[in-house]
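Subject: Handover of a structure for your study

Dear colleague,

Please find below the structure that I am passing on to you. I would be grateful if you read the notes that follow with the structure open beside them.

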Amino acid sequence: MLEQMAKPQEQRVQQSVDEHVIRACQQGDREAFRQLFEVYKDRVFSIAAYSLGDETAAADVTQQIFLKLMTRINQFRGDSEFTTWLYRLVVNSCHDERRKQRRFFPLIESGAMPGTDKRHSQEKRYARREVAGSIREAIGHLKPKMRQPILLKYIEGLSYEEIAGVLGCSKGTVASRLNRAHKVLAKRLGHLRQNFLSE
Amino acid sequence: MFRTHVNNQFSAYCHEELSAGETRKVAEHLIGCTRCRKEFEEVKLGIKLAEQLPLVSAPDSLWQEVEMLLDQDGHPVNERRSWSGISFLIQPRFAIPAFAVLMGVAFIIALSLRDRSEGTRLTGASWDVSRLDGAPQIGSISVNDKGKLGIGQWLETDANSRAQIEVGNIGQVEIDPGTRVRLVETKPTEHRLELARGRLSARISAPPRLFFVDTPSAVAEDLGCAYTLEVNDQGDSLLRVTLGWVSLHLRDRESVVPAGAACATRPGLGPGTPYFEDSSEMFRKALTKLDFEPNDPSWSRTPTLDLVLNEARPRDTFTLWHLLSRVNGSDRARVYGRMAALVPPPEGVTRDGVLRLDQNMLNLWREKIDSECDSVNSVPAVVRDVLGRTRSGIHRRL
C-alpha cells in the first residue's frame with residue numbers, strides 16, 4: 001500500500017467541499033458519498049491502522065465506519081463540525097475493535113514509499129523511509145490515550161479544541177497528552193535528532 | 001522568587017494554541033530557565049518527528065466493498081441526483097446567463113493569477129505586514145497599510161519604503177529601504193526569512209532557535225535577541241547585535257555574537273570572527289584581513305595578527321577566544337599568550353590543552369572571560385549551552 005507524508009493544511013483545503021457533499025449525502029446521493037469517501041478514506045484508514053496496529057483490521061473498521069456514516073448521516077445536524085462527528089465515530093469504532101482484539105498487533109511494514117519525488121536520490125528516499133518507519137513504530141507503541149490526540153493532530157490537522165470535542169475531554173487534557181506524547185517520541189527516537197537539525 | 005515552570009504548555013505553545021499573554025509568559029520563562037528549555041527542546045523534537053508521520057493509503061478495493069455492502073443492505077441511494085445540483089444549468093433558459101457567469105469567474109481567476117509574483121509558492125501560512133513608509137511591495141502588489149506575506153513570497157522596499165513584519169507571535173522585523181526578503185517557512189518549530197539584500201532589524205521574544213534569517217553567506221539564528229542584519233549586492237553581510245545573542249553559521253563554521261558585538265560574513269567563507277563594536281579601528285581592520293583575505297599578497301599574516309593581539313583589550317579576549325581555533329601552530333600559541341596576559345586561564349586550563357583545542361578547557365576559560373570582563377557580563381544558560389557545542393567557535397554541532 002502506498003504511503004504519503006501527512007499534510008494537514010492541504011487536507012483542510014479539501015474540507016471546504018464537505019458542506020455541499022454532506023447535504024447531498026443526506027439526500028441519498030451515491031456520487032456524493034463516493035466524494036466523501038475519497039476525501040476521508042486515507043485519513044480514516046490511517047487512524048484505524050495506527051490505532052489497531054493491523055492494516056487488515058484497519059480496512060475492516062474503515063469499511064464499517066463508512067457504512068455507519070452512510071446510515072447515520074441524516075443524524076448529523078451540523079451542530080458540531082462534521083470532522084468532529086466523523087472522528088468521534090472513528091475513535092469509538094477503533095476503541096471497540098481494540099477491545100475485541102484484546103491484543104496488539106504491530107503494524108506491518110507495508111511496502112515502499114511512493115517514488116513521486118524524482119529529485120530525491122535513492123539514498124535520500126531510503127533514509128526518509130527509514131525515518132518514517134521508525135516514527136510509525138514509535139507511534140504504534142504509544143498508549144492509546146497519547147496516540148489518539150497525536151493521530152488527530154498530525155493525520156487530520158485538528159485544533160486542540162476539535163480534538164477535545166472528538167475525545168470528549170478538555171482542551172487542557174489534550175495539551176497535556178500531546179505534551180507527554182511528544183516527549184515519549186523524542187525519547188524513543190532521539191537517535192534521529194540529527195535528521196531534524198536546522199541547516 | 002518562586003517561579004512556576006511552564007513545561008506542561010510546550011506543545012500548546014508550539015502549536016500556537018495559547019493566548020498572547022500565555023505565549024509571552026512561556027517565551028520569557030524559557031529564556032531564563034535551563035530546566036524548561038531542555039524539556040522544550042525535547043518537545044520540539046517530538047513535534048518535528050510527529051510532523052513526519054506518514055499517511056497510510058486505504059486499499060484500492062475498499063470503495064467497491066463498501067458500495068457492495070450498501071447495495072446488499074438496501075440503503076436508500078439516489079444515483080441520478082447530482083450532489084452539485086448544477087444540472088439545471090444545461091436547460092436552454094439558463095444556459096446563456098450561466099455561461100456568462102462562468103466566463104466572469106474565469107476572468108477574475110485569471111486576473112488574480114496574473115497578479116501573483118512569478119515563482120511564488122503560496123500556502124495557508126502567512127505573516128502580517130504593515131507599511132511604515134512609501135510603497136513596499138509583496139510580489140507585484142503594493143502594500144496599502146496592511147498586507148499578508150505568504151510562504152515563498154518576496155517583500156521588497158524601494159529607496160523610500162519601509163515595512164514591518166509580525167513574525168508569528170514571537171516578534172517583529174523591520175524592513176529598511178532597498179531591501180528584498182522572502183518568507184521561507186513559518187511553522188511552530190521554525191520561522192525562516194531569506195534576506196537577499198538590504199537591511200532588517202529583528203526583535204524576537206522567543207526561545208532560542210525558532211527564528212532564522214538566511215543570507216547569501218550565512219544563517220543568522222536567534223538565541224533570544226534584537227539585532228540588525230544587512231546584506232550588500234555581493235552577498236556580504238554584517239550582523240550587529242543590540243540585545244541578547246545571535247548565532248551565525250555556514251556549514252561547520254559558527255560565531256556566537258553577543259549584544260554590543262558585530263560579525264561580518266562572506267559568501268563561501270561564512271562568518272568571520274565576532275568583535276565588539278567599540279574595539280579599535282585598527283583591530284577590526286586587521287581582523288577582517290585575517291578572516292577574509294588569507295591569500296591577499298599585499299599584506300603579511302604575521303604582522304596583521306600582531307596588530308590584532310597588540311590592540312586587544314581585556315574585553316577583546318572574547319574575539320581572541322574565537323580566533324584560537326581559526327589559526328594554527330605558532331599563531332595559536334601567540335593568541336594563547338596574549339589571552340593569558342589579558343585574562344589568565346582558570347585553574348585546570350593548561351597551555352597544552354588550549355593549543356590542542358580541548359573543548360572543556362576552552363569552555364572553562366570562556367566562562368571566566370565572560371564573568372571577568374564586562375564584555376559579556378551575563379551569559380544566559382542557553383548561550384552557554386550553544387557555546388559548549390561550538391567548538392572554539394568553529395565547529396557547529398547543535
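How much area do chain A and chain B bury between them, and what part of it lies on carbon and sulfur atoms? The two chains bury about 5300 Å² between them, with 64% of this on carbon and sulfur atoms. Please bear in mind that this is a predicted model.

**Chain A**

Chain A has 199 residues, of which 52% are buried. Its secondary structure consists of nine helices and one strand. Read from the N terminus, the order is β-α-α-α-α-α-α-α-α-α. For contacts in chain A between residues at least 6 apart in sequence, 69% link residues at least 24 apart. The area that chain A exposes is about 9900 Å², and carbon and sulfur atoms account for 48% of it.

**Where the two chains meet**

In this region, 60 residues of chain A are in contact with 49 residues of chain B. There are four salt bridges between chain A and chain B. One of them pairs Arg193(A) with Glu42(B), whose closest N and O atoms are 2.6 Å apart. Counting pairs with both residues at pLDDT 80 or more, 15 residue pairs are in polar contact between the chains.

Several elements of chain A each supply at least two residues to the side that touches chain B; among them are strand E1 (3-5), helix H2 (18-26), helix H3 (30-52) and helix H4 (55-72). The largest share of this side comes from H3(A), with 13 residues. Sorted by class, the side of chain A that touches chain B has 30 nonpolar, 15 polar and 15 charged residues.

**A residue in chain B**

I would also draw your attention to Ser161(B), which is found in the loop between strand E6 (154-156) and strand E7 (162-167) of chain B. Is Ser161(B) buried or exposed? Ser161(B) counts as buried because its relative accessible area is 0%, and the cut-off for buried is under 20%.

Two polar partners may be located in the model. The side chains of Ser161(B) and Asp158(B) are joined by a polar contact of 2.5 Å. In addition, a polar atom of the Ser161(B) side chain lies 3.0 Å from the backbone nitrogen of Ala135(B). Leaving aside residues up to four places away in sequence, Ser161(B) touches Asp133(B), Gly134(B), Ala135(B), Pro136(B), Ile175(B), Asp176(B) and Pro177(B).

Yours sincerely,
A colleague

Methods. Residues are numbered from 1 along each chain as its sequence is written. Chains are lettered from A and ligands numbered from 1 in the order in which they are written. This is a predicted model: local features need pLDDT of at least 70, side-chain atom pairs count only at pLDDT 80 or more; totals for chains, interfaces and linings use all residues. Side-chain values use heavy atoms; hydrogens and water are left out. Helices (H or I, at least four residues) and strands (E, at least two) are DSSP runs, numbered from the N terminus. Buried means under 20% relative accessible area, exposed over 50%, partly exposed in between (1.4 Å probe, protein chains only). Contact means heavy atoms within 4.5 Å. Accessible areas come from the Shrake-Rupley method with a 1.4 Å probe; for residues, only the protein chains shown count as cover. Buried area is the accessible area (1.4 Å probe) that two parts lose on being put together, summed over both. A salt bridge is a side-chain nitrogen of Lys or Arg within 4 Å of a carboxyl oxygen of Asp or Glu. A polar contact is a pair of N or O atoms within 3.5 Å; within protein, one must be able to donate a hydrogen and the other to accept it, and residues adjacent in sequence count only if both atoms are side-chain atoms. Ala, Val, Leu, Ile, Met, Phe, Trp, Tyr, Cys and Pro count as nonpolar, Asp, Glu, Lys and Arg as charged, and the others, Gly among them, as polar.
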